[in-house]
Amino acid sequence: MKAVIALLLMMVSALAAPAVSDAASAGAPAVADTFSNPATEARARNLQRQLRCLVCQGESIDESGSPFAADVRHLVREEIAGGKTDQQIEDFLVARYGDFILMKPPLQPNTWLLWLAPFLVLAAGGAIAGVTVKKAANRGT
């Protein structure tokens, strides 16, 4: 008898689940994962390539498979569908997550170290190599 009741409960819940899901999603307009207009789709993909996944950090949200990237991709597509410009979307995301979300952060005082670090490391490596070669040459003579 317990097995029959359990079976009936599973059947009722299986039949009710799609109705609950449809009712929950009916309140929000759906934004597709792709746009039917090729120009709009290309715009969305281009913008997604310019935004960094904060979870993966080395990938754009266009490449990343993380849930964060999926959420930001969806947000970008919602904003484009809402008529916002690329700059407005970028400004919103920078205000929310900071300059690090941009694949190419702007050159400003708080990012100087980020832009200059490769050159500083190269100069330090050259200086160390120069000192090492000079010491080796002095020992040899």
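**Exercise 1.** With which residue does Arg45 form a salt bridge, and how far apart are the closest N and O atoms?

*Solution.* The structure is a predicted model.
Step 1: Side chains of opposite charge can pair when their charged atoms come close.
Step 2: The partner of Arg45 is Asp62, and the closest N and O atoms are 2.7 Å apart.
Step 3: This pair joins distant parts of the chain, since Arg45 belongs to helix α2 while Asp62 lies in the loop between α2 and α3, 17 residues apart.

**Exercise 2.** Determine which residues are linked with Asp62 in a network of salt bridges, and classify each by its accessibility.

*Solution.*
Step 1: Asp62 also forms a salt bridge with Arg49, with 3.6 Å between the closest N and O atoms. Here too distant parts of the chain are linked: Arg49 is in helix α2, 13 residues from Asp62 in the loop.
Step 2: Arg45, Arg49 and Asp62 therefore make up a network of salt bridges.
Step 3: Residues under 20% relative accessible area are buried, those over 50% are exposed, and those in between are partly exposed. Asp62, at 18%, is therefore buried. Arg45 has 33% and is partly exposed, and Arg49, with 45%, is likewise partly exposed.

**Exercise 3.** Find the salt-bridge partner of Lys84 and state whether each of the two residues is buried or partly exposed.

*Solution.*
Step 1: The side chain of Lys84 meets that of Glu79 in a salt bridge of 3.0 Å, N to O.
Step 2: Lys84 has a relative accessible area of 37%, so it is partly exposed.
Step 3: Glu79 is buried because its relative accessible area is 17%.
Step 4: The whole structure contains five salt bridges.

**Exercise 4.** Describe the surroundings of Ser64.

*Solution.*
Step 1: Ser64 sits in the loop between α2 (38–49) and α3 (67–81).
Step 2: With a relative accessible area of 3%, Ser64 is buried.
Step 3: Its side chain reaches the backbone nitrogen of Ser66 at 3.1 Å.
Step 4: Apart from neighbours within four places in sequence, Ser64 contacts Cys53, Cys56, Glu59, Ala69 and Arg73.

**Exercise 5.** Is Leu107 buried or exposed, and to which surface patch does this residue contribute?

*Solution.*
Step 1: Leu107 is located in the loop between α4 (86–97) and α5 (112–140).
Step 2: A relative accessibility of 62% makes Leu107 exposed.
Step 3: Leu107 helps to make a nonpolar surface patch of about 930 Å², together with residues including Trp112, Trp115 and Phe119.

Definitions and conventions:
Residues numbered from 1 in each chain as written. Predicted model: local features only at pLDDT ≥ 70, side-chain atom pairs only at ≥ 80, totals over all residues. Heavy atoms only, no water. Helix = DSSP H or I, 4+ residues; strand = E, 2+ residues; numbered from the N terminus. Buried < 20%, exposed > 50% of the residue type's maximum accessible area, 1.4 Å probe, protein only. Polar contact = N/O pair within 3.5 Å; in protein donor to acceptor, adjacent residues only side chain to side chain. Contact = heavy atoms within 4.5 Å. Patch = residues over 30% accessible without salt bridge, like charges linked within 9 Å, V, L, I, M, F, W, Y side chains within 5 Å. Areas by Shrake-Rupley, 256 points an atom, 1.4 Å probe, with all protein chains shown as cover. Salt bridge = Lys/Arg side-chain N within 4 Å of Asp/Glu carboxyl O.
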